[in-house]
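Open the structure in your viewer and keep the selection tool at hand. This short tour goes from stop to stop.

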Amino acid sequence: MTTGPGVRLECAGPVATVTLCRPDVLNAQTPAMWRAMSDFSRTLPGDVRVVVVRGEGRAFSAGLDLSVANASGPGSFAELATLPEQECADRIAEFQSAFTWLHRPDVVSVAAIQGHAIGAGFQLALACDLRVLAEDARLSMAEVTLGLVPDLAGTGRLVDLVGYSRALEICATGRRIDAAEADRIGLATLVVPTAELAGATTDLTAALLAGNRDAVVEIKALLAGAARRTPAEQQRAEREAQVRRLRDLAGRGE
């Protein structure tokens, strides 16, 4: 087990679990937590195939810890605003790395979401490939209520899932989305009774592990890049991936 401030990483064979562990503040996030999560990506064992992201207690994550953001120390709004423009952008890039490592092509990431997933919490859920929602889940891209924009790599993922118009409406209003709507508009992979969240996540993880690892890696790459390829480019990518799989299965891979 690897621990950081407010977050821990536990690995059990091919499954790694990242747990936000500040239940007393609904797993509100801090820059220190983001630095720890970035570090997790560099220490992840090579045999890990699935990363599960979860929150302790009754919420996945209520978002950015405003008591930290509104203070005067490192990572606060006040401190960031005083930095030169490029240095401020570089600092935000460091924050983003806590989320973008979950896009890695060699793992499938799964968010297990109960209660609130607000702001940074919603973006952490979006960083994952799949999202299992409890029936009590409530999602919101609430940055606009603070006069801010979503900046933790969540905007592109949101557009990919729900389209531009719906993503604009969600981000510009900051409204709450319940689990039923999340399911209807494509944000949820699965919605289950709250008491069944852990079990459903375990079942999904087992199903993901049942497939050939190299095939799953190729499939993820094909699907992740599909929207940016022309049909001809996508078909070529499929052919090339299948050639690699056939050669590997025949023992002729290089």
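Start with a single residue: select Val 132, which stands opposite Leu 190 in β10. Bear in mind that this is a predicted model.

Now widen the selection to strand β10, residues 190–192. Three bridges join β10 to β7, and the two strands run parallel.

Next, select β7 itself, residues 130–134. Is this strand mostly covered or open? Mostly covered: five of its five residues are buried. Turn the view to check each face. On one side sit Leu 130, Val 132 and Ala 134; on the other, Arg 131 and Leu 133. Both faces are covered.

Add strand β5, residues 108–113. β5 pairs with β7 in the parallel sense, over four bridges. Pick out Ile 113 here: Leu 133 in β7 stands opposite.

Leave the strands and look for rings. How many aromatic pairs does a search of the whole structure find? Two. Select Trp 34 and Phe 95 for a tilted pair, 5.0 Å centre to centre with 55° between the planes. Trp 34 belongs to helix α1 (residues 31–43) and Phe 95 to helix α4 (residues 85–100), 61 residues apart. Trp 34 counts as buried at 5% relative accessibility. Phe 95 is buried too, with a relative accessible area of 6%.

Now add Phe 99. Trp 34 and Phe 99 form an edge-to-face pair: 6.0 Å centre to centre, 65° between the planes. Phe 99 lies in helix α4 and Trp 34 in helix α1, so this pair ties together parts 65 residues apart in sequence. Phe 99 is buried, at 0% relative accessible area.

Finish with Trp 34, Phe 95 and Phe 99 selected together: they form one aromatic cluster.

Definitions and conventions
Residues are numbered from 1 along each chain as its sequence is written. This is a predicted model: local features need pLDDT of at least 70, side-chain atom pairs count only at pLDDT 80 or more; totals for chains, interfaces and linings use all residues. Side-chain values use heavy atoms; hydrogens and water are left out. Buried means under 20% relative accessible area, exposed over 50%, partly exposed in between (1.4 Å probe, protein chains only). Two strands pair if DSSP finds at least two bridges between them. Rings of Phe, Tyr and Trp (its six-membered ring) pair if their centres lie within 6.5 Å; planes under 30 degrees apart count as stacked, over 60 as edge-to-face and the rest as tilted.
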